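Visitor: Could you take me through one part of this model closely? I would like to look at the open sheet and what packs around it.

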Amino acid sequence: MIISASYRTDIPAFYADWFVNRFRAGHARVANPYGGRPYAVPLRQGVDGYVFWTRNAQPFRDALRMVRDASFPFVVQYTITGYPRELEASVVATDKAVAAIRALAAEFGPKAVVWRYDPIVATSLTPGDWHVDNVARLADALAGAVDECCTSFATIYRKTTRNMDAAARAHRFAWKDPEAERKRLLLSRLSDVAAARGMALTLCSQTDLLVEGAAAAKCIDAERLMAIGGRPFAFKTKGNRPGCFCAESRDIGDYDTCPHGCVYCYAVGSRDLAKRRQQAHDPQGEFLFPPASES
């Protein structure tokens, strides 16, 4: 079993103490995001490895050492986009994030970190040429520390539209969801940029947009975990949505708990709610944030 922590929130940035406590306890309880009963997830027994998702791993370095010292392989899916503050209000500064990735690769090995330039957001602040220049700059800074750049175009849910529209009104920019052919043209340029820096460009859950030089992503990558851990384990591919080639995993996060303030985020409907929930978080609790039935 692979543990995902978490594509629903940034556990390394905001909830490191909780994870350490739950890892030591050997389990976490998880609120069912679809309204069913909460459930327990083992964090040691039967676990083959971990995938951590973050924009800021600095508060989590000791937790990563703890996981390594317990002989569990892990991969850090590390997002750096370098977008204007109008789009992501309070993420860690780009230069600090780059330095953190390089430090992680130096300590845990380059296969332990995957750079996510995700999602691609098309706005008047971030047009196509801007993305190409931005990815080139970031890839130059990360060259040699990572071997993969995972990306995708923003999926426009209703809450995404609401939050993007509000930000566009407040900061006077325009945004759109580009047509497929324009997306493919940009991906072709980005794949060339990545390849020139020794990185593979992978595309998360958007196989209809694949172009030459890009491959379908496996964000929960069992093969990568086995290579890091030096031992095989059984797994099955069980994606979270169409076009997803991730290995089956158990996620221990919760939606509406990440206060980074990215207006395009699929996991946060309201930043104010996310900030309130973070402030109410109990690092000693079994749940990241307990459902009402458990409060």
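Guide: Happy to; here is the sheet, followed by its helices and the core.

This is a predicted model, in which local features need pLDDT of at least 70 and side-chain atom pairs count only at pLDDT 80 or more, while totals for chains, interfaces and linings use all residues. Residues are numbered from 1 along each chain as its sequence is written, and side-chain values use heavy atoms, with hydrogens and water left out.

The open sheet is built from 8 strands in the order β9-β8-β7-β6-β5-β4-β1-β10, with parallel pairing. Strands here are DSSP runs of E with at least two residues, helices are runs of H or I with at least four, and both are numbered from the N terminus. Two strands pair if DSSP finds at least two bridges between them. At the edges lie β9 (214–216) and β10 (249–251), each of which pairs on one side only. Strand β8 (residues 200–203) joins β9 in the parallel sense over 3 bridges, and there Leu-203 stands opposite Ala-216. On average, neighbouring strands of this sheet are turned by 25 degrees against each other, direction ignored. Axes are lines fitted to C-alpha atoms, for helices over the stretch in contact, and angles run from 0 to 180 degrees between N-to-C directions.

Now the helices. Helix α3 (residues 61–69) lies across β4 (49–54) and β5 (74–79), at about 155 degrees to β5. Helix α8 (residues 222–229) lies across β1 (2–5), β4, β5, β6 (113–120) and β7 (148–153), and runs at about 125 degrees to β5.

Tyr-50 makes a good stop on this tour. Leaving aside neighbours within four places in sequence, Tyr-50 is in contact (heavy atoms within 4.5 Å) with residues including Phe-19, Val-67, Phe-74, Val-75 and Leu-225. In the largest nonpolar core, which has 79 residues, Phe-19, Tyr-50, Tyr-78, Trp-115 and Ile-252 touch the most other members. Such a core is a set of buried Ala, Val, Leu, Ile, Met, Phe, Trp, Tyr and Cys residues joined through side-chain atoms within 4.5 Å, where buried means under 20% relative accessible area with a 1.4 Å probe, protein chains only. Helix α4 gives the largest share of this core, 7 residues. A second, separate core of 18 residues includes Ile-2, Val-114, Cys-219 and Cys-244. In soluble globular proteins, nonpolar side chains tend to be buried together.

How values were computed. Buried < 20%, exposed > 50% of the residue type's maximum accessible area, 1.4 Å probe, protein only.
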